Amino acid sequence: MRLNEVSYSDAQPIDGYGAGFFRIGGQVHQGAVLTSAAGTAAWGGLGDAEPLLALAGEIDVLFIGTGEEIAHIPAELRAALEQAGLGVEIMNSPAACRTYNVLLSEGRRIAMAALPV
């Protein structure tokens, strides 16, 4: 089996997550987070659309992690993100973390906003 070392460009990979936290680029972040090539910051959750909309033009796809279980996001939020030209993928937070890391390693223009598990 051949192993390849994964390298990341500007954004930091998600190293892990647990009850109430995410570890991104070696730093522990409590609560909901938003991470992209621009950095990682606390996120106010599904009612906090402004930082997500600010990513328009900077990314192609936004992964939204809905916590331990997959759930619908508010229709108004989805409509605003899509109107801004953002591709939106909804999944549970563990799947969002894994998918984010895979596409990040491919050099894709992505971001992830996630609620903790």
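Contact here means that heavy atoms lie within 4.5 Å. The model is predicted, so that local features need pLDDT of at least 70 and side-chain atom pairs count only at pLDDT 80 or more, while totals for chains, interfaces and linings use all residues. Residues are numbered from 1 along each chain as its sequence is written, and side-chain values use heavy atoms, with hydrogens and water left out.

**Exercise 1. Overall fold**

Task: Work out which elements the protein has, in what order they come, and what share of the contacts between residues at least 6 apart in sequence joins residues at least 24 apart.

Solution: Begin with the elements, where helices (H or I, at least four residues) and strands (E, at least two) are DSSP runs numbered from the N terminus. The protein has three helices and eight strands, and along the sequence they follow the pattern β-β-β-β-β-α-β-α-β-α-β. Turn next to the contacts: of those between residues at least 6 apart in sequence, 63% join residues at least 24 apart.

**Exercise 2. Dimensions and burial**

Task: Compare the radius of gyration of the protein with that of a compact globule, and find what percentage of its residues is buried.

Solution: The radius of gyration is taken over C-alpha atoms, and the globule rule is 2.2 Å times the number of residues to the power 0.38. For 117 residues this rule gives a value near 13 Å, and the protein agrees with it because its own radius is 13 Å. Along the principal axes, the C-alpha atoms fill a box of roughly 45 × 30 × 25 Å. For burial, the classes are buried (under 20% relative accessible area), exposed (over 50%) and partly exposed (in between), with a 1.4 Å probe and protein chains only; by this scale 38% of the 117 residues count as buried.

**Exercise 3. The nonpolar cores**

Task: Identify which residues have the most contacts inside the largest nonpolar core, and which element gives the most to this core.

Solution: A nonpolar core is a set of buried Ala, Val, Leu, Ile, Met, Phe, Trp, Tyr and Cys residues joined through side-chain atoms within 4.5 Å. The largest one has 17 residues, and those with the most contacts inside it are Ile14, Phe22, Phe63, Tyr100, Ile110 and Met112. Two or more residues come from each of β2 (21–24), β6 (61–66), α3 (93–105) and β8 (110–115), and α3 gives the most, with six residues. Apart from this core lies another, of 16 residues, among them Trp43, Leu52, Leu77 and Ala111. Returning to Ile14, and not counting residues up to four places away in sequence, its contacts include Cys97, Tyr100 and Met112.

**Exercise 4. Three single residues**

Task: Decide whether His72, Ala84 and Val102 are buried, partly exposed or exposed, and place each in the chain.

Solution: His72 sits in the loop between β6 and α2 (75–83), and it is exposed because its relative accessible area is 79%. Ala84 belongs to the loop between α2 and β7 (87–91), and with 33% relative accessible area it is partly exposed. Leaving aside neighbours within four places in sequence, Ala84 is in contact with Leu53 and Ala56, and the C-alpha atoms of Ala84 and Ala56, 28 residues apart along the chain, are separated by 6.0 Å. Val102 lies in helix α3, where its 45% relative accessibility makes it partly exposed.
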